[in-house]
Amino acid sequence: MGNLSNGLENRARLLVKCPDKPGIVSVLSSFLHSHNANIIESSQFSTDPVNGTFFIRIEYHCDYLQEKAADMELEFKGIAKNYQMDYHFYYLNIRQRSAIFVSKETHCLLELLWEWQNGDLDTDIALVISNHETASPMVEALGIPFFYIPANKDIRKQVEEEQIRLMEKYKVDVLILARYMQILTPDFVNHFKNRIINIHHSFLPAFIGAGPYERAFARGVKLIGATSHYVTNDLDEGPIIEQDVERVDHRDNAAQLKKIGAKIERRVLVKAVKWHLENRIIVEGNKTIVFH
(Lines give C-alpha, C1' and ligand atoms only; values in the text may rest on other atoms or scores of the structure.)
Protein backbone atom coordinates (compact mmCIF):
# COMPACT_ATOMS: atom_id res chain seq x y z
CA MET A 1 0.00 0.00 0.00
CA GLY A 2 1.15 3.56 -0.68
CA ASN A 3 0.97 6.55 1.65
CA LEU A 4 -1.02 9.64 0.69
CA SER A 5 -0.69 13.18 2.00
CA ASN A 6 -3.99 14.63 0.78
CA GLY A 7 -5.73 15.35 4.06
CA LEU A 8 -6.70 11.75 4.76
CA GLU A 9 -4.04 11.11 7.40
CA ASN A 10 -6.61 11.60 10.19
CA ARG A 11 -9.32 9.39 8.66
CA ALA A 12 -9.88 5.69 9.24
CA ARG A 13 -12.45 2.92 9.01
CA LEU A 14 -13.22 0.16 11.47
CA LEU A 15 -15.02 -3.00 10.35
CA VAL A 16 -16.32 -5.42 12.99
CA LYS A 17 -18.04 -8.80 12.94
CA CYS A 18 -19.08 -10.47 16.20
CA PRO A 19 -21.89 -12.37 17.98
CA ASP A 20 -24.82 -9.99 18.49
CA LYS A 21 -25.59 -8.74 22.00
CA PRO A 22 -26.73 -5.46 23.58
CA GLY A 23 -24.23 -2.64 23.96
CA ILE A 24 -21.88 -3.21 21.03
CA VAL A 25 -22.56 0.12 19.34
CA SER A 26 -22.22 1.90 22.66
CA VAL A 27 -18.88 0.24 23.37
CA LEU A 28 -17.51 1.14 19.93
CA SER A 29 -18.77 4.72 20.17
CA SER A 30 -17.34 5.14 23.67
CA PHE A 31 -13.98 3.76 22.53
CA LEU A 32 -13.78 6.28 19.67
CA HIS A 33 -15.06 9.12 21.85
CA SER A 34 -12.39 8.40 24.46
CA HIS A 35 -9.80 9.16 21.79
CA ASN A 36 -11.62 12.31 20.62
CA ALA A 37 -12.59 10.63 17.36
CA ASN A 38 -15.61 11.90 15.46
CA ILE A 39 -17.80 9.33 13.65
CA ILE A 40 -18.45 10.43 10.05
CA GLU A 41 -20.40 7.44 8.79
CA SER A 42 -21.77 4.30 10.46
CA SER A 43 -23.68 1.34 9.01
CA GLN A 44 -24.69 -1.81 10.84
CA PHE A 45 -26.57 -5.06 10.31
CA SER A 46 -27.61 -8.03 12.43
CA THR A 47 -28.66 -11.41 11.10
CA ASP A 48 -30.78 -11.99 14.24
CA PRO A 49 -30.96 -9.84 17.40
CA VAL A 50 -31.04 -12.90 19.69
CA ASN A 51 -28.55 -15.46 18.36
CA GLY A 52 -27.28 -13.69 15.27
CA THR A 53 -24.10 -12.10 14.03
CA PHE A 54 -23.57 -8.35 14.17
CA PHE A 55 -21.70 -6.39 11.48
CA ILE A 56 -20.70 -2.73 11.54
CA ARG A 57 -18.62 -0.35 9.44
CA ILE A 58 -17.56 2.95 11.01
CA GLU A 59 -15.65 5.73 9.30
CA TYR A 60 -14.15 8.32 11.64
CA HIS A 61 -11.88 11.34 11.92
CA CYS A 62 -9.33 11.63 14.70
CA ASP A 63 -6.78 14.41 15.09
CA TYR A 64 -3.17 13.17 15.27
CA LEU A 65 -4.35 9.71 14.21
CA GLN A 66 -0.93 8.67 12.93
CA GLU A 67 0.53 9.19 16.41
CA LYS A 68 -2.44 7.57 18.17
CA ALA A 69 -3.16 4.59 15.91
CA ALA A 70 -0.85 2.01 17.52
CA ASP A 71 -2.12 2.77 21.06
CA MET A 72 -5.74 2.73 19.89
CA GLU A 73 -5.31 -0.66 18.23
CA LEU A 74 -3.59 -2.06 21.32
CA GLU A 75 -6.45 -0.86 23.54
CA PHE A 76 -9.04 -2.23 21.13
CA LYS A 77 -7.63 -5.76 21.45
CA GLY A 78 -9.18 -5.99 24.92
CA ILE A 79 -12.60 -4.88 23.66
CA ALA A 80 -12.38 -7.33 20.76
CA LYS A 81 -11.56 -10.20 23.09
CA ASN A 82 -14.50 -9.42 25.41
CA TYR A 83 -16.97 -9.32 22.50
CA GLN A 84 -15.38 -12.05 20.33
CA MET A 85 -14.84 -9.57 17.50
CA ASP A 86 -13.23 -10.13 14.15
CA TYR A 87 -12.13 -6.63 13.18
CA HIS A 88 -9.88 -4.56 10.98
CA PHE A 89 -8.70 -0.95 11.03
CA TYR A 90 -8.17 0.67 7.63
CA TYR A 91 -6.32 3.98 7.36
CA LEU A 92 -7.35 6.22 4.49
CA ASN A 93 -3.88 7.67 3.96
CA ILE A 94 -2.75 4.17 2.94
CA ARG A 95 -3.86 3.60 -0.63
CA GLN A 96 -4.47 0.02 -1.75
CA ARG A 97 -2.47 -1.32 -4.68
CA SER A 98 -4.19 -3.28 -7.44
CA ALA A 99 -3.19 -5.76 -10.11
CA ILE A 100 -5.48 -6.25 -13.09
CA PHE A 101 -5.52 -9.59 -14.91
CA VAL A 102 -6.97 -9.62 -18.42
CA SER A 103 -7.11 -11.85 -21.51
CA LYS A 104 -8.21 -10.87 -25.05
CA GLU A 105 -11.36 -8.89 -24.24
CA THR A 106 -10.48 -5.46 -22.87
CA HIS A 107 -13.83 -3.77 -22.15
CA CYS A 108 -13.63 -4.33 -18.37
CA LEU A 109 -9.97 -3.30 -18.27
CA LEU A 110 -10.76 -0.09 -20.17
CA GLU A 111 -13.60 0.76 -17.78
CA LEU A 112 -11.29 0.32 -14.79
CA LEU A 113 -8.58 2.43 -16.41
CA TRP A 114 -11.10 5.16 -17.25
CA GLU A 115 -12.41 5.28 -13.66
CA TRP A 116 -8.83 5.32 -12.38
CA GLN A 117 -7.82 8.16 -14.72
CA ASN A 118 -10.93 10.07 -13.63
CA GLY A 119 -9.91 9.79 -9.98
CA ASP A 120 -12.97 7.67 -9.20
CA LEU A 121 -11.08 4.45 -8.43
CA ASP A 122 -9.18 4.95 -5.18
CA THR A 123 -6.23 2.68 -5.87
CA ASP A 124 -2.76 2.58 -7.35
CA ILE A 125 -2.82 0.24 -10.37
CA ALA A 126 0.57 -1.37 -9.82
CA LEU A 127 0.60 -3.60 -12.89
CA VAL A 128 -1.48 -5.41 -15.50
CA ILE A 129 -0.92 -9.08 -16.31
CA SER A 130 -2.25 -10.78 -19.43
CA ASN A 131 -1.96 -14.08 -21.27
CA HIS A 132 -2.38 -12.08 -24.51
CA GLU A 133 -0.57 -9.01 -25.80
CA THR A 134 -3.76 -7.21 -26.93
CA ALA A 135 -3.93 -4.81 -23.99
CA SER A 136 -0.24 -3.86 -23.96
CA PRO A 137 -0.45 -0.53 -25.89
CA MET A 138 -3.39 0.87 -23.90
CA VAL A 139 -1.78 -0.03 -20.56
CA GLU A 140 1.76 1.09 -21.30
CA ALA A 141 0.46 4.40 -22.72
CA LEU A 142 -0.63 5.21 -19.16
CA GLY A 143 2.76 4.32 -17.69
CA ILE A 144 1.47 1.16 -16.00
CA PRO A 145 3.79 -1.89 -16.13
CA PHE A 146 2.40 -4.60 -18.42
CA PHE A 147 3.43 -8.24 -18.18
CA TYR A 148 2.65 -10.70 -20.96
CA ILE A 149 2.64 -14.17 -19.40
CA PRO A 150 1.31 -16.92 -21.70
CA ALA A 151 -0.78 -19.38 -19.72
CA ASN A 152 -2.35 -22.78 -20.22
CA LYS A 153 -3.09 -25.80 -18.08
CA ASP A 154 0.29 -27.44 -18.90
CA ILE A 155 2.39 -24.59 -17.47
CA ARG A 156 -0.07 -23.28 -14.87
CA LYS A 157 2.20 -23.94 -11.88
CA GLN A 158 5.15 -22.00 -13.34
CA VAL A 159 2.85 -19.18 -14.49
CA GLU A 160 1.26 -18.77 -11.06
CA GLU A 161 4.64 -18.85 -9.33
CA GLU A 162 5.69 -15.93 -11.54
CA GLN A 163 2.42 -14.12 -10.88
CA ILE A 164 2.77 -14.52 -7.11
CA ARG A 165 6.35 -13.23 -7.34
CA LEU A 166 5.09 -10.14 -9.17
CA MET A 167 2.27 -9.61 -6.62
CA GLU A 168 4.85 -9.62 -3.85
CA LYS A 169 7.34 -7.45 -5.75
CA TYR A 170 4.70 -4.80 -6.46
CA LYS A 171 3.12 -5.13 -2.98
CA VAL A 172 -0.35 -5.81 -4.40
CA ASP A 173 -3.36 -5.75 -2.08
CA VAL A 174 -6.19 -6.71 -4.45
CA LEU A 175 -6.31 -8.72 -7.67
CA ILE A 176 -8.96 -7.80 -10.25
CA LEU A 177 -9.85 -10.39 -12.89
CA ALA A 178 -11.12 -8.22 -15.75
CA ARG A 179 -12.20 -11.11 -17.99
CA TYR A 180 -9.07 -13.16 -17.31
CA MET A 181 -10.05 -16.44 -18.93
CA GLN A 182 -7.85 -18.84 -16.98
CA ILE A 183 -8.69 -21.22 -14.13
CA LEU A 184 -6.74 -20.40 -10.96
CA THR A 185 -5.32 -23.21 -8.84
CA PRO A 186 -6.26 -23.71 -5.16
CA ASP A 187 -2.73 -22.72 -4.11
CA PHE A 188 -3.01 -19.39 -5.89
CA VAL A 189 -6.53 -18.66 -4.60
CA ASN A 190 -5.59 -19.54 -1.02
CA HIS A 191 -2.62 -17.17 -1.28
CA PHE A 192 -5.02 -14.24 -1.80
CA LYS A 193 -8.14 -15.17 0.16
CA ASN A 194 -10.99 -12.65 -0.32
CA ARG A 195 -8.62 -10.46 -2.33
CA ILE A 196 -9.38 -11.71 -5.85
CA ILE A 197 -12.41 -10.05 -7.49
CA ASN A 198 -13.83 -11.67 -10.63
CA ILE A 199 -16.45 -10.65 -13.16
CA HIS A 200 -18.56 -13.50 -14.54
CA HIS A 201 -20.56 -12.86 -17.67
CA SER A 202 -23.77 -14.31 -16.29
CA PHE A 203 -26.29 -13.67 -13.53
CA LEU A 204 -25.02 -16.38 -11.20
CA PRO A 205 -25.90 -19.07 -10.27
CA ALA A 206 -27.23 -19.42 -13.83
CA PHE A 207 -24.82 -20.47 -16.58
CA ILE A 208 -21.70 -21.13 -14.53
CA GLY A 209 -18.52 -21.65 -16.56
CA ALA A 210 -17.77 -20.93 -20.21
CA GLY A 211 -20.07 -19.71 -22.98
CA PRO A 212 -22.92 -18.29 -20.86
CA TYR A 213 -24.29 -15.98 -23.58
CA GLU A 214 -24.56 -18.80 -26.08
CA ARG A 215 -26.29 -20.97 -23.49
CA ALA A 216 -28.55 -18.08 -22.46
CA PHE A 217 -29.56 -17.58 -26.10
CA ALA A 218 -30.26 -21.30 -26.53
CA ARG A 219 -32.41 -21.22 -23.41
CA GLY A 220 -34.36 -18.18 -24.59
CA VAL A 221 -33.80 -16.10 -21.47
CA LYS A 222 -35.54 -12.73 -21.09
CA LEU A 223 -32.93 -11.27 -18.72
CA ILE A 224 -29.16 -11.41 -18.98
CA GLY A 225 -26.77 -10.22 -16.35
CA ALA A 226 -23.31 -10.19 -14.86
CA THR A 227 -21.94 -11.06 -11.43
CA SER A 228 -18.87 -9.85 -9.57
CA HIS A 229 -17.67 -12.11 -6.79
CA TYR A 230 -14.66 -13.07 -4.73
CA VAL A 231 -12.83 -16.05 -6.17
CA THR A 232 -12.86 -19.33 -4.25
CA ASN A 233 -11.88 -22.83 -5.28
CA ASP A 234 -15.46 -23.56 -6.38
CA LEU A 235 -15.73 -22.24 -9.94
CA ASP A 236 -17.93 -19.12 -10.12
CA GLU A 237 -19.42 -19.88 -6.69
CA GLY A 238 -17.55 -17.43 -4.44
CA PRO A 239 -19.22 -14.74 -2.29
CA ILE A 240 -21.23 -12.43 -4.57
CA ILE A 241 -20.47 -8.71 -4.29
CA GLU A 242 -22.67 -7.18 -7.00
CA GLN A 243 -25.04 -8.21 -9.82
CA ASP A 244 -27.08 -6.45 -12.47
CA VAL A 245 -29.34 -7.39 -15.39
CA GLU A 246 -30.91 -6.03 -18.56
CA ARG A 247 -34.02 -7.22 -20.35
CA VAL A 248 -33.64 -8.93 -23.75
CA ASP A 249 -36.03 -10.70 -26.11
CA HIS A 250 -36.31 -13.10 -29.04
CA ARG A 251 -34.88 -10.54 -31.48
CA ASP A 252 -31.46 -10.60 -29.75
CA ASN A 253 -29.06 -13.24 -31.06
CA ALA A 254 -26.06 -14.56 -29.10
CA ALA A 255 -23.74 -11.84 -30.48
CA GLN A 256 -26.17 -9.11 -29.43
CA LEU A 257 -26.56 -10.67 -25.99
CA LYS A 258 -22.79 -10.60 -25.63
CA LYS A 259 -22.66 -6.92 -26.59
CA ILE A 260 -25.39 -6.00 -24.10
CA GLY A 261 -23.70 -8.17 -21.49
CA ALA A 262 -20.36 -6.43 -21.91
CA LYS A 263 -21.93 -3.15 -20.76
CA ILE A 264 -23.35 -4.85 -17.68
CA GLU A 265 -20.01 -6.51 -16.91
CA ARG A 266 -18.20 -3.17 -16.99
CA ARG A 267 -20.45 -1.41 -14.51
CA VAL A 268 -20.82 -4.40 -12.18
CA LEU A 269 -17.07 -5.00 -11.89
CA VAL A 270 -16.30 -1.33 -11.25
CA LYS A 271 -18.92 -1.14 -8.49
CA ALA A 272 -17.55 -4.26 -6.80
CA VAL A 273 -13.97 -3.02 -6.95
CA LYS A 274 -14.94 0.41 -5.57
CA TRP A 275 -16.83 -1.15 -2.66
CA HIS A 276 -13.85 -3.37 -1.86
CA LEU A 277 -11.47 -0.40 -1.95
CA GLU A 278 -13.83 1.60 0.28
CA ASN A 279 -13.88 -1.26 2.81
CA ARG A 280 -17.64 -1.67 2.42
CA ILE A 281 -17.62 -5.48 2.30
CA ILE A 282 -17.51 -8.07 5.06
CA VAL A 283 -17.39 -11.70 3.95
CA GLU A 284 -19.53 -14.07 5.99
CA GLY A 285 -19.22 -17.68 4.86
CA ASN A 286 -20.13 -17.71 1.18
CA LYS A 287 -22.07 -14.44 1.39
CA THR A 288 -21.16 -10.79 1.66
CA ILE A 289 -22.47 -7.94 3.77
CA VAL A 290 -22.11 -4.82 1.58
CA PHE A 291 -22.58 -1.44 3.26
CA HIS A 292 -23.59 0.90 0.42
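Which residue in β11 is the bridge partner of leucine 177? In the predicted model described here, in which local features need pLDDT of at least 70, side-chain atom pairs count only at pLDDT 80 or more, and totals for chains, interfaces and linings use all residues, that partner is asparagine 198. Residues are numbered from 1 along each chain as its sequence is written, and side-chain values use heavy atoms, with hydrogens and water left out.

Helices (H or I, at least four residues) and strands (E, at least two) are DSSP runs numbered from the N terminus, and two strands are taken to pair if DSSP finds at least two bridges between them. On this basis, seven strands form an open sheet with mixed pairing, in the order β9-β8-β7-β10-β11-β12-β13. The edges are occupied by β9 (146-148) and β13 (240-247), each of which has a single partner strand, so one side of each is left without a neighbour in the sheet. On average, and with direction ignored, neighbouring strands of this sheet are turned by 15 degrees against each other, where axes are lines fitted to C-alpha atoms (for helices over the stretch in contact) and angles run from 0 to 180 degrees between N-to-C directions.

Within this sheet, β11 (residues 196-200) is joined to β12 (residues 223-230) by four bridges, the two strands running antiparallel, and histidine 200 has threonine 227 as its bridge partner in β12. Three bridges join β10 to β11, and these two strands run parallel. Strand β11 is mostly covered, with five of its five residues buried; buried denotes under 20% relative accessible area, exposed over 50%, and partly exposed the range in between (1.4 Å probe, protein chains only). In a regular strand the side chains alternate between the two faces of the sheet. Both faces of β11 are covered, with Ile196, Asn198 and His200 buried on one side and Ile197 and Ile199 buried on the other.

Two helices that pack on a sheet may be considered next. Four bridges join β11 to β12, and on the sheet that holds these strands helix α3 (residues 107-117) packs, touching β7 (97-102), β8 (124-130), β10 (174-177) and β11, with a direction that makes about 165 degrees with that of β8. Helix α5 (residues 156-169) also packs on the sheet, where it touches β7, β8, β9 and β10, and its direction makes about 170 degrees with that of β8; contact means heavy atoms within 4.5 Å.

Serine 103 is found in the loop between β7 and α3, and at 2% relative accessibility this residue counts as buried. The side chains of serine 103 and asparagine 131 are joined by a polar contact of 2.8 Å, a term that denotes a pair of N or O atoms within 3.5 Å, of which, within protein, one must be able to donate a hydrogen and the other to accept it, residues adjacent in sequence counting only if both atoms are side-chain atoms. Apart from neighbours within four places in sequence, serine 103 is in contact with Ser130, Asn131, His132, Arg179, Tyr180 and Met181. Histidine 107, in helix α3, is likewise described as buried, with a relative accessible area of 17%. Its side chain makes a polar contact of 2.7 Å with the side chain of glutamate 265, and, residues up to four places away in sequence not being counted, histidine 107 touches Arg179, Ala262, Glu265 and Arg266.

Helix α2 (residues 65-82) has 18 residues and, at 1.5 Å a residue, should span 26 Å, which agrees with the 24 Å between its end C-alpha atoms; the expected span is 1.5 Å times one less than the number of residues. A kink of about 25 degrees is centred on aspartate 71, the bend at a residue being the angle between axes fitted to the seven residues ending there and the seven starting there. Leu65, Ala69, Met72, Phe76, Ile79 and Ala80 of α2 are buried, and the elements covering the buried residues include β2 (11-19), α1 (24-34), β4 (53-62) and β5 (86-91). Just after α2, glutamine 84 takes a positive phi of about 55 degrees. Tyrosine 64, in the loop between β4 and α2, has a positive phi of about 60 degrees although it is not a glycine, and is exposed, with a relative accessible area of 59%.
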